[in-house]
Amino acid sequence: MSTRRGMRAVDRAAAGFLLVLLALGSLWLWIGMPALTLWVVAEIVDTPAQHLTLGLLGVPAGMILFASLLFWINGLYLRVTGAAAVVEEDEGLRRVRGPLEPLLLWSLVIALIALIAWFFFAADGSGPPQMI
């Protein structure tokens, strides 16, 4: 595998594509996956109690499954860029983490800002009545 400075054009294009996938996937993890899971649950259950129960179980399960896909893409990105090689330090060996961690953090910040903006400015209160 070539080093970062000597990457071929196809490797740089693949790395860029994987980086875009990681960025979009990170946003999908926080916004799209919970929304999709809750929509699917709403289509298959009849009562609000069932929706709440399946939602509480399904959303984290879906997010965990999708996060494992993001973790795999992150490893693929590290292999394509040549950064997956283990780096030797004074304390021993360490693994390079890649771009997934900062992407997850910043996509969480963006999702929280979007949630707050929606809650205060876009929600019109026409949703279903509260269960409690």
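Leaving aside its neighbours within four places in sequence, which residues is Phe-66 in contact with? With contact taken as heavy atoms within 4.5 Å, Phe-66 touches Gly-25, Trp-28, Leu-29 and Met-33 once those neighbours are set aside. The structure is a predicted model, in which local features need pLDDT of at least 70 and side-chain atom pairs count only at pLDDT 80 or more, whereas totals for chains, interfaces and linings use all residues. Residues are numbered from 1 along each chain as its sequence is written, and side-chain values use heavy atoms, with hydrogens and water left out.

## Overall architecture

The protein contains three helices and two strands, where helices (H or I, at least four residues) and strands (E, at least two) are DSSP runs numbered from the N terminus. Along the sequence these elements follow the pattern α-α-β-β-α. Of the 132 residues in the protein, 25% are buried; here buried means under 20% relative accessible area, exposed means over 50%, and partly exposed lies in between, with a 1.4 Å probe and protein chains only. The accessible surface comes to about 9,600 Å², and 71% of that surface belongs to carbon and sulfur atoms; accessible areas come from the Shrake-Rupley method with a 1.4 Å probe, and for residues only the protein chains shown count as cover. Among contacts between residues at least 6 apart in sequence, 68% join residues at least 24 apart.

## Helices H1 and H2

Phe-66 has its place in helix H2 and is buried, with a relative accessible area of 16%. The C-alpha atoms of Phe-66 and Trp-28, which are 38 residues apart along the chain, are separated by 9.0 Å, and Trp-28 is also one of the residues in contact with Phe-66.

Thr-37, in helix H1, counts as buried at 13% relative accessibility. When neighbours within four places in sequence are left aside, Thr-37 is in contact with Gly-58 and Val-59. Ala-61, which lies in helix H2, is partly exposed with a relative accessible area of 37%, and its C-alpha atom is 9.5 Å from that of Thr-37, although the two residues are 24 residues apart along the chain.

Ala-23 is placed in helix H1 and is partly exposed, with a relative accessible area of 29%. The C-alpha atoms of Ala-23 and Leu-100 are separated by 8.1 Å, with their positions 77 residues apart along the chain, and Leu-100 is one of the buried residues of H3.

## Helix H3 and its aromatic residues

Helix H3 covers residues 100-122. The expected span of a helix is 1.5 Å times one less than its number of residues, so the 23 residues of H3 should span 33 Å, and the 30 Å between its end C-alpha atoms agrees with this. The buried residues of H3 are Leu-100, Ser-107 and Ala-111, and they pack against helix H1 (9-44) and helix H2 (48-81).

Phe-120 is found in H3 and is exposed, with a relative accessible area of 58%; Phe-119 is likewise exposed. The structure holds one aromatic pair. The rings of Phe-119 and Phe-120 have centres 5.1 Å apart and planes at 85°, so this pair is edge-to-face, given that rings of Phe, Tyr and Trp (its six-membered ring) pair if their centres lie within 6.5 Å, with planes under 30 degrees apart counted as stacked, over 60 as edge-to-face and the rest as tilted.

Both phenylalanines also belong to a nonpolar surface patch of about 850 Å², made by Leu-112, Leu-115, Ile-116, Trp-118, Phe-119, Phe-120 and Phe-121. Patches are made of residues with over 30% relative accessible area and no salt bridge, in which like charges are joined within 9 Å and nonpolar side chains (Val, Leu, Ile, Met, Phe, Trp, Tyr) within 5 Å.

## Salt bridges

A salt bridge is a side-chain nitrogen of Lys or Arg within 4 Å of a carboxyl oxygen of Asp or Glu, and by this rule the count comes to two.

| Acidic residue | Basic residue | N to O distance |
|---|---|---|
| Asp-11 | Arg-8 | 3.3 Å |
| Glu-101 | Arg-97 | 3.6 Å |

In one bridge, Asp-11 is buried with a relative accessible area of 12%, whereas Arg-8 is exposed with a relative accessible area of 52%. In the other, Glu-101 counts as partly exposed at 45% relative accessibility, and Arg-97 is exposed with a relative accessible area of 58%.
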